[in-house]
Amino acid sequence: MDFFDAVESRRSVRKYLPEPVPREVIDRALSAALLAPNSSNLQPWEIFLVSSPEKRGAMVTACLDQTAAATAAELLVFTARTDTWRRNRAYLLKALQESGGAPDMILKYYNEIVPLMYAHGWLNALGWLKKIVFSIVGIFRPVPRGPFSNAEVKSVLSKTVALACQNFMLAIAAQGYATCPMEGFDPCRVKKILGLGRKSIVVMVIAVGRANPEGIYGPRLRLDPELFLFEV
Ligand SMILES: Cc1cc2nc3c(=O)[nH]c(=O)nc-3n(C[C@H](O)[C@H](O)[C@H](O)COP(=O)(O)O)c2cc1C
């Protein structure tokens with residue numbers, strides 16, 4: 001399917017036909033998800049395909065019994081980790097080294113700037129210090145205005161994982177199947193089902209299946225682009 005066909009035909013489908021989705025379809029879409037652009041290429045995502053029947057049942061309940069979750073052939077949980085940046089940075093630096101070495105600028109970025117972005121210290125002490133310093137320097141020149149707290153890091157990570165979600169959903173659409181992204185779920189329960197700790201953030205649950213025409217609740221509704229598009 002052409003890119004624009006996939007974008008234009010994708011809808012959030014809330015009811016699916018009782019038909020399996022071939023594993024190759026899911027795997028191809030997962031590969032597309034992992035190609036999403038991501039902050040500092042630190043690839044903070046963890047994506048779970050829920051295949052155990054018990055976990056699946058519990059996930060439907062955790063998704064507030066939404067029909068999309070209950071009737072989907074597959075359920076996937078897209079999460080982010082706040083702590084894998086150190087591990088992934090080491091892998092990235094090793095890969096760069098093996099491919100002929102990284103320029104000093106890249107090494108400086110990963111060794112100095114990235115920790116400054118992600119580390120906040122005990123009780124966010126470093127985060128507050130960074131905020132004060134950057135706010136003062138920012139009076140005189142442009143500076144980054146965050147992340148200065150764990151909550152701001154979570155926002156950075158959620159942006160990245162949302163892009164992976166979109167790649168995934170478009171790749172599913174391009175293969176003739178449908179999805180429904182969901183934020184209507186209980187994240188505490190989802191984390192418990194998946195055995196995730198406090199370093200994980202549940203960004204989205206995505207239902208996948210063959211669309212039941214009744215699962216499209218109405219024509220695509222978008223507001224006047226003039227409300228949203230600006231040229232300055
Ligand atoms: C982050 C996010 C969370 C969403 N959560 C839900 C949800 O919990 N349940 C649901 O039925 N749809 C959910 N949706 C789907 C939206 O309602 C849908 O994308 C929107 O109405 C536009 O329709 P379309 O996707 O068919 O173009 C969510 C979409 C996004 C992007």
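Domain bounds here come from an automatic or database domain assignment.

**View 1. Two domains make up the assigned parts of this predicted chain.** Domain 1 is written in two stretches, 3–78 + 150–216, and domain 2 covers 85–140. Their C-alpha centres lie 30 Å apart. Residues are numbered from 1 along each chain as its sequence is written. In this predicted model, local features need pLDDT of at least 70, side-chain atom pairs count only at pLDDT 80 or more, totals for chains, interfaces and linings use all residues, and side-chain values use heavy atoms, with hydrogens and water left out.

**View 2. Here domain 1 meets domain 2.** The two bury about 790 Å² between them, 54% of it on carbon and sulfur atoms; buried area is the accessible area (1.4 Å probe) that two parts lose on being put together, summed over both. Look for S40, L42 and V153, which lose the most area on the domain 1 side, together 62% of what that side buries. Contact (heavy atoms within 4.5 Å) takes 9 residues from domain 1 and 11 residues from domain 2.

**View 3. A small cavity can be explored around W85.** The structure holds 1 cavity of 30 Å³ or more, and about 30 Å³ of space lies in the largest cavity. A cavity is a set of points on a 1 Å grid over the protein atoms alone where a 1.4 Å probe fits but cannot get out; points are joined across faces, edges and corners, and the volume is the space filled by probe spheres set on them. Lining residues (an atom within 4 Å of a point) include L42, P44, R81, D83, Y118 and L157.

Note on methods. On a 1 Å grid over the protein atoms alone, a cavity is a set of points where a 1.4 Å probe fits but cannot get out, and a pocket is an open set with protein on both sides within 12 Å along at least five of seven lines; lining residues have an atom within 4 Å of a point.
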